[in-house]
Amino acid sequence: MECFWNQDAVWVPVRYFSALLDKYTVYSFSYNAGSGEFTIEESNVNITGVRLSARENGTLIDVYAVKKFSEREVTLDIRNNWLHIDIYGARVDTASIGSVPPGGIISQIRAFQLDETASLSFKLKKEVVAKDLVMDLDGNDFHVNLRTKEVIAENFEREKLKHELEEQKKRWRIDTIVLDAGHGGKDPGAVGYSKTREKDLVLPMALMLGKMIQDKLPDVSVIYTRKKDVFIPLWQRTKIANDVGAKLFISIHCNSNVSSRPTGYETFFVSAEKDDKATDVVLKENAAIEFEGSQDRQRYEGVNFILATMLQSDNIKHSQFLASEVQNSLNSKLNKLGMNSRGVKQGPFWVLVGATMPNILVETGYISNKYEEKLLKKTTTQKKIAEGILSGIIKYKDEVEKAI
Ligand SMILES: [Zn+2]
């Protein structure tokens, strides 16, 4: 039998038509000519859904999958205000994805099944300045993060602007500082040339610094993540700071190296990028999560890290400025002792990444070096370090509060 036209409709034999449907949908069709039965079955769907979440500077698309896709199998492309996510080897339930409600900067969602590739298309309401693909490390899902330009209001009212300025002032005025002595409890941190433990050196430095801040800046309240030798997960340290609405977060550490040669102190601010030379330090400090449970560890992985660094973008300039003031002040205190400045650096430190305020990590010197370990154990050196950080904080505070 051939195709024919009858009463405004084209009639196609089932055996041709089901082959077409097979190719372009995720259903599988079979026709039994003997019984006249036509069966439709769902087959091998491996992309099961999407979810959109609006963010202050963009939109996050979660793609749920029951199969693990590699980064190479997923391509992102923006053309004519549509974002296309093409997934090689995917089978998508086009109907269920098409019915996901739009959200964030996305006004329409469509899904297509094309042979070996599934294509998810999202109509964009705003210009996207960056798109990132993040694969889950231990699951099948993946995420596409779309960032938009900062929104600058064109028509503002005077009152609203005044209110915003007040809010800004409140936001940056330094009235609470959280001091974080690295490591503690079951996490000794680095172990020195003569077995000194990092956790035991950084605690007195933090306590001394806190006391100095309270003496010099009586209006500022000081909060410690730990005041004794206890273990605190990395994420909880910035949570403490976020919960009290701290304006600065300062994490204090000692450095180490497999070689006993490296020496000097350096100050870091957080960023998704890292300086090549910082990689060792980042790995070493991030290794503290080995002491945490697997649930805690997930907080630092994949999309969580990206989201956290997005929240940081406002603070990065302030953090960088604080880092350079602290590093300079340390220099004026420590170079007389023969300790050298290694400068200001950036890196993806998990202990900093959750902070919603400007934040730095100070590596006060190398305990793997015989001479520096000896120096760092001395209360007089610890005091100099605390004084250095304090004077950096004061310079930063004066500068920032002068500006608001
Ligand atoms: Zn450390």
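Helix H4, the zinc site and two surface features

Helix H4 covers residues 198–216, 19 residues in total, and spans 27 Å from its first C-alpha to its last, close to the 27 Å expected at 1.5 Å a residue. The model is predicted. Many side chains of H4 are buried, among them Leu201, Val202, Leu203, Met205, Met208, Leu209, Met212 and Ile213. Glu198 and Lys199 are also buried.

Glu198 has a further role in the description, as a ligand of the zinc ion. The protein donors of this ion are His183 through NE2, Glu198 through OE, His253 through ND1, and Glu285, which is listed with OE twice; they lie 2.0 to 2.5 Å from the zinc. Along the chain these donors follow the spacing H-x14-E-x54-H-x31-E. Glu198 in helix H4 and Glu285 in helix H6 (residues 279–286) are 87 residues apart, so this pair links distant parts of the chain. Glu198 has a relative accessible area of 1% and counts as buried. Glu285 is buried too, at 4%.

Elsewhere, strand E7 (residues 74–79) pairs with strand E8 (residues 82–88) in the antiparallel sense, over six bridges. Within this pairing, Thr75 stands opposite Asp86 in E8. The two strands form a hairpin with two residues between them, and Asn80 in the turn has a positive phi of about 50°.

Towards the start of the numbering, Trp5, Val10, Val12, Tyr16, Phe17 and Leu20 form a nonpolar surface patch with about 630 Å² of accessible area together. Helix H1 (residues 14–24) gives the most to this patch, with three residues. Leu20 is placed in H1 and is partly exposed, with a relative accessible area of 46%.

Note on methods: Residues are numbered from 1 along each chain as its sequence is written. This is a predicted model: local features need pLDDT of at least 70, side-chain atom pairs count only at pLDDT 80 or more; totals for chains, interfaces and linings use all residues. Side-chain values use heavy atoms; hydrogens and water are left out. Patches are made of residues with over 30% relative accessible area and no salt bridge: like charges are joined within 9 Å, nonpolar side chains (Val, Leu, Ile, Met, Phe, Trp, Tyr) within 5 Å. Accessible areas come from the Shrake-Rupley method with a 1.4 Å probe; for residues, only the protein chains shown count as cover. A salt bridge is a side-chain nitrogen of Lys or Arg within 4 Å of a carboxyl oxygen of Asp or Glu. Helices (H or I, at least four residues) and strands (E, at least two) are DSSP runs, numbered from the N terminus. Buried means under 20% relative accessible area, exposed over 50%, partly exposed in between (1.4 Å probe, protein chains only). Two strands pair if DSSP finds at least two bridges between them. The expected span of a helix is 1.5 Å times one less than its number of residues. Donors are N, O and S atoms within 2.8 Å of the metal (3.2 Å for Na, K and Ca); water is not among the atoms, so sites may look incomplete.
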